[in-house]
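Open the model in your viewer and keep the selection panel handy. We will go from stop to stop, with a word at each one on what to select and what is there.

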Amino acid sequence: MARGNADVEMLRQNLFVPNATRVAMAWSTSPVGRLARVEVLVALCCSLLAVLVFLGSGRRASGSGFFRFVVWTALMLSYPAVSYTIGLMQSASFRNELVVVWGCFLLLLLGCADGIAAYSMDDSDQQARTLLNQALQVMYVLFLLLSYVNSLPEQLTALLSILWLLSAVKLGMRLRSFLLSGRGRVLTFDNKLIADYMSQEHGLSGADYDAVTMRGYLYVVAGETNQEQEAGCREHRIKLVDGLVTVEQVWQCCGELLSAGTAAAARRRDMCLSFALFKLLRRRLGQYPLHETHLSKTRDLVWKGLLNGGCIAGAGESERMFRVIEVELGFLFDFYYTRHPSPKETLIPDTVVFAAVVASSLSFLFSSALLRYQAPPDGGTKVATTGLDIWLTRMVIILFLILEMFQYLGLLFSDWRKVKMLCRYVLEPCWHGHPVWEPLLRLMCGVRLTPYWNSSLGQHSLLYACFRTQNSCILRAPLLPGWARAFLIRSKTTEQKSLPAAVKDAIHRTLKSGLWQIRHGECALERYQMMNQLSWAIDQQSTVHSILIWHVATTMCDLQFDKAPPHHSDAAGAIESHKQVATTLSDYCCYLVSSAPELLPGHSYDTQLLFETVQSSAEQHLGGCRSKDDTYDKLVNQSYDWGASMPDRILADGARLGLQLLRNTPELRWKMLADVWVEILLSVAPSHNVTGHVRKLATGGELVTHLWALLTHAGVVDPLLNRFQRRVRPF
């Protein structure tokens with residue numbers, strides 16, 4: 001009897017599964033099921049577009065791979081998802097008046113989420129594709145609106161028609177901006193204007209200049225579109241007319257916003273300087289010559305200007321130098337990767353359209369047709385409702401209002417708009433002391449919504465990586481491909497660290513001592529009278545060889561740091577500061593070798609191969625190490641009897657250098673190492689690989705990119721040869 005009941009229950013369960021499947025399939029193909037599918041897709045589209053708006057602007061300040069993956073996923077999925085959803089609305093077999101509302105507001109949300117002009121430097125056509133996609137969506141929503149026009153209440157029809165028209169107007173404005181101020185035009189025409197102007201700027205200003213007060217620095221901030229074409233000549237030149245604003249004019253402005261001796265006024269002036277420097281740096285992207293590199297005036301701009309004076313109370317001496325370059329690279333990031341406001345255009349059309357869109361959306365949200373909405377009875381057509389459709393409608397409208405406000409405020413408080421308004425302030429003396437314009441401009445310049453660089457450094461230690469990966473079963477898998485293993489090792493052993501103030505001060509101090517004091521560590525060794533003993537460590541066939549040798553030696557000194565006898569508190573503090581500079585820059589340069597070889601001298605693939613072979617050799621010789629002491633002992637005991645291959649020689653030379661350094665006092669050792677590493681980093685910064693630095697801006701930016709831009713403005717453009725390269729290539 002019990003067995004019979006069990007058989008009946010099993011039969012009932014077997015019949016229930018196909019019945020439930022059939023019921024689910026029938027519901028999904030019903031009007032209500034299709035409407036529910038559309039609602040889910042609308043919610044998904046809204047989520048993707050919200051991610052693009054809120055997180056997209058933070059790309060330049062984040063070095064997180066997961067953060068970039070989220071933004072990239074949202075960018076790749078958002079437009080296909082919206083297209084599919086609107087297409088599903090058009091082909092739906094059911095009727096629901098709110099569907100056309102969702103379509104119109106999805107179209108408006110697309111307009112809010114087009115701030116990413118390109119995800120990477122290779123994605124140069126992203127903005128054109130975005131405009132084409134939005135144009136197609138405008139047409140699709142128009143067809144959807146026309147299909148519902150006879151069944152919608154007149155109030156909703158009028159409001160939706162206005163919103164659709166405003167979407168078309170916004171698309172037209174973006175298209176006009178793209179055609180008139182596109183990146184291609186700027187890199188050719190505008191760069192040509194600046195390049196030709198800078199070839200004559202020194203003659204226009206004369207030999208009388210002052211890098212502290214910016215007297216004689218006629219670098220263009222704004223107004224270069226005022227141009228003239230000489231008769232019988234096709235050469236375009238910048239006219240020195242009243243509409244042109246130079247750095248000198250900004251510093252000579254009598255208005256309180258720029259002339260006051262406050263930190264805020266200094267930041268406003270420096271923002272204009274950053275924008276002028278951005279235009280000069282932009283010439284390298286267009287491969288135009290830098291005519292001013294040989295001038296003392298150019299070197300003094302950095303040496304006597306950015307490195308001296310202008311310090312803000314409570315900040316370190318290096319603060320201004322890094323701040324000016326951070327803002328400049330912010331402009332460069334926006335130029336390549338975002339839909340930034342052009343200084344040539346006014347914000348009035350955007351403001352009018354923004355006000356109209358917000359007013360129409362609020363009118364729609366609080367309209368009687370929406371507040372008292374009820375699904376119409378089925379009059380022969382398949383009318384569907386889920387009960388959630390009205391709440392979804394309100395959620396979509398509210399989300400659009402939030403995103404539209406966020407995007408408009410981003411335009412209003414962007415550095416581009418601030419520079420434009422400050423230039424107007426310079427040109428309009430009636431604004432000085434004005435009871436309305438001056439407080440508004442002060443408020444605008446005091447608000448910053450988009451972050452700059454997050455001041456983080458990648459850190460990778462060649463030797464510490466050996467015992468950090470000893471217990472990883474995945475890395476020991478015999479069938480794991482070499483490229484996958486190298487990637488996993490880098491991911492597991494690479495960390496991000498905030499840039500210490502001591503490192504900033506050390507870089508500032510080295511640059512202030514003289515730009516000629518940058519020779520791959522030679523000047524530091526000469527300063528400490530160690531050239532005879534340690535010259536071999538910098539006399540290597542490539543800079544990467546020297547970096548790896550000094551990195552191994554620095555790590556050896558770090559392994560023995562805790563075993564040194566205690567020092568006086570003042571001396572201990574100085575030693576700890578120098579050690580922090582040396583170890584931080586040592587691990588950062590090793591990180592550049594392993595993860596960003598394109599930013600270093602030499603071919604990136606050669607650098608990659610060399611690092612991988614040295615890493616493999618270190619794992620082979622230091623295998624089994626479980627602690628710092630084990631690592632040090634193996635380095636010391638095997639430093640002279642390893643093989644003659646290049647990776648083994650680099651490790652042996654690093655151990656040899658480490659033993660030589662350990663013979664010195666801790667004070668001398670760490671002070672010299674700090675100076676050597678600062679000089680090495682400054683020596684590898686000059687580069688002609690402009691593309692590599694611009695690519696890195698899309699992944700959070702690098703310290704070496706900041707130094708590359710700074711040295712470019714000091715006239716140091718060509719890569720610096722090391723001791724070995726100067727000997728074998730004297731000419």
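With which side chain does the side chain of Asp558 make a polar contact? Select Asp558 and look for Lys579: their side chains make a polar contact of 3.2 Å. Keep in mind throughout that this is a predicted model.

**Stop 1: around Asp558**

Asp558 is found in helix H23, which covers residues 543-559. Its relative accessibility is 17%, so Asp558 counts as buried, the limit being under 20%. Now show its surroundings. Leaving aside neighbours within four places in sequence, Asp558 is in contact with Tyr464, Lys579, Thr583 and Trp670. Stay with Lys579 a moment longer and add Phe561 to the selection: the charged end of Lys579 sits over the ring of Phe561, 5.0 Å from the ring centre.

**Stop 2: the whole chain**

Zoom out and colour by secondary structure. The protein chain comes to 31 helices and 6 strands. Of its 731 residues, 53% count as buried. If you like contact maps, here is a number for yours: among contacts with a separation of 6 or more, residues 24 or more positions apart account for 79%.

**Stop 3: helix H27**

Next, select residues 646-662, which make up helix H27. This helix has 17 residues and reaches 24 Å from its first C-alpha to its last, close to the 24 Å expected at 1.5 Å a residue. H27 is mostly covered, with 12 of its 17 residues buried; among them are Pro647, Asp648, Gly654 and Gln660.

Is Leu657, in the same selection, buried or exposed? At 0% relative accessibility, Leu657 counts as buried. Not counting residues up to four places away in sequence, Leu657 touches Leu534, Trp536, Ala537, Ile549, Trp550 and Ala553. For a distance label, try Leu657 to Cys557: the two are 100 residues apart in sequence, yet 9.9 Å apart in space, C-alpha to C-alpha.

**Stop 4: the nonpolar cores**

Trp550, just met as a contact of Leu657, is a good way into the largest nonpolar core. Of the 146 residues in this core, Val221, Ile507, Leu511, Trp550, Leu681 and Leu703 touch the most other members. The largest share of the core, 12 residues, comes from H12. Apart from this core lies another, of 72 residues, and you can find it by selecting Leu88, Leu106, Leu166 and Val357, which are among its members.

Now go to Leu511. Not counting residues up to four places away in sequence, Leu511 touches Trp303, Leu307, Met321, Ile518, Leu682, Leu710 and Leu711.

**Stop 5: helix H20 and what comes after**

Select residues 501-512 for helix H20. Its 12 residues should span 16 Å at 1.5 Å a residue, and the end C-alpha atoms are 16 Å apart, which agrees. Which residues of H20 are buried? They are Ala502, Val503, Ala506, Ile507, His508, Thr510 and Leu511. Just after H20, stop at Gly514, which takes a positive phi of about 135°.

**Stop 6: helix H12 and its aromatic neighbours**

Move on to H12, residues 319-337. H12 has 19 residues and reaches 26 Å from first C-alpha to last, close to the 27 Å expected at 1.5 Å a residue. Of those 19 residues, 18 are buried, so H12 is largely enclosed by the rest of the structure.

Show the side chains of Phe275, Phe278, Phe331, Phe333, Phe335, Tyr336, Tyr337 and Trp416, which form one aromatic cluster. Then pick Arg282 as well: its charged end sits over the ring of Phe335, 6.0 Å from the ring centre.

**Stop 7: two aromatic pairs**

A search of the whole structure finds 20 aromatic pairs. One of them is Tyr209 and Tyr217, edge-to-face at 5.9 Å centre to centre with 85° between the planes. Tyr209 counts as partly exposed, at 22% relative accessibility, whereas Tyr217 counts as buried, at 0%.

For the last selection, take Phe275 and Phe331. Their ring centres are 4.9 Å apart and their planes lie at 70°, so this pair is edge-to-face, given that angles over 60 degrees count that way. The pair links distant parts of the chain, 56 residues apart, with Phe275 in helix H10 (residues 263-285) and Phe331 in helix H12. Both Phe275 and Phe331 are buried.

Key:
Residues are numbered from 1 along each chain as its sequence is written. This is a predicted model: local features need pLDDT of at least 70, side-chain atom pairs count only at pLDDT 80 or more; totals for chains, interfaces and linings use all residues. Side-chain values use heavy atoms; hydrogens and water are left out. Rings of Phe, Tyr and Trp (its six-membered ring) pair if their centres lie within 6.5 Å; planes under 30 degrees apart count as stacked, over 60 as edge-to-face and the rest as tilted. Buried means under 20% relative accessible area, exposed over 50%, partly exposed in between (1.4 Å probe, protein chains only). Helices (H or I, at least four residues) and strands (E, at least two) are DSSP runs, numbered from the N terminus. A charge sits over a ring if NZ of Lys or CZ of Arg is within 6 Å of the ring centre and within 35 degrees of the ring normal. A nonpolar core is a set of buried Ala, Val, Leu, Ile, Met, Phe, Trp, Tyr and Cys residues joined through side-chain atoms within 4.5 Å. Contact means heavy atoms within 4.5 Å. The expected span of a helix is 1.5 Å times one less than its number of residues. A polar contact is a pair of N or O atoms within 3.5 Å; within protein, one must be able to donate a hydrogen and the other to accept it, and residues adjacent in sequence count only if both atoms are side-chain atoms.
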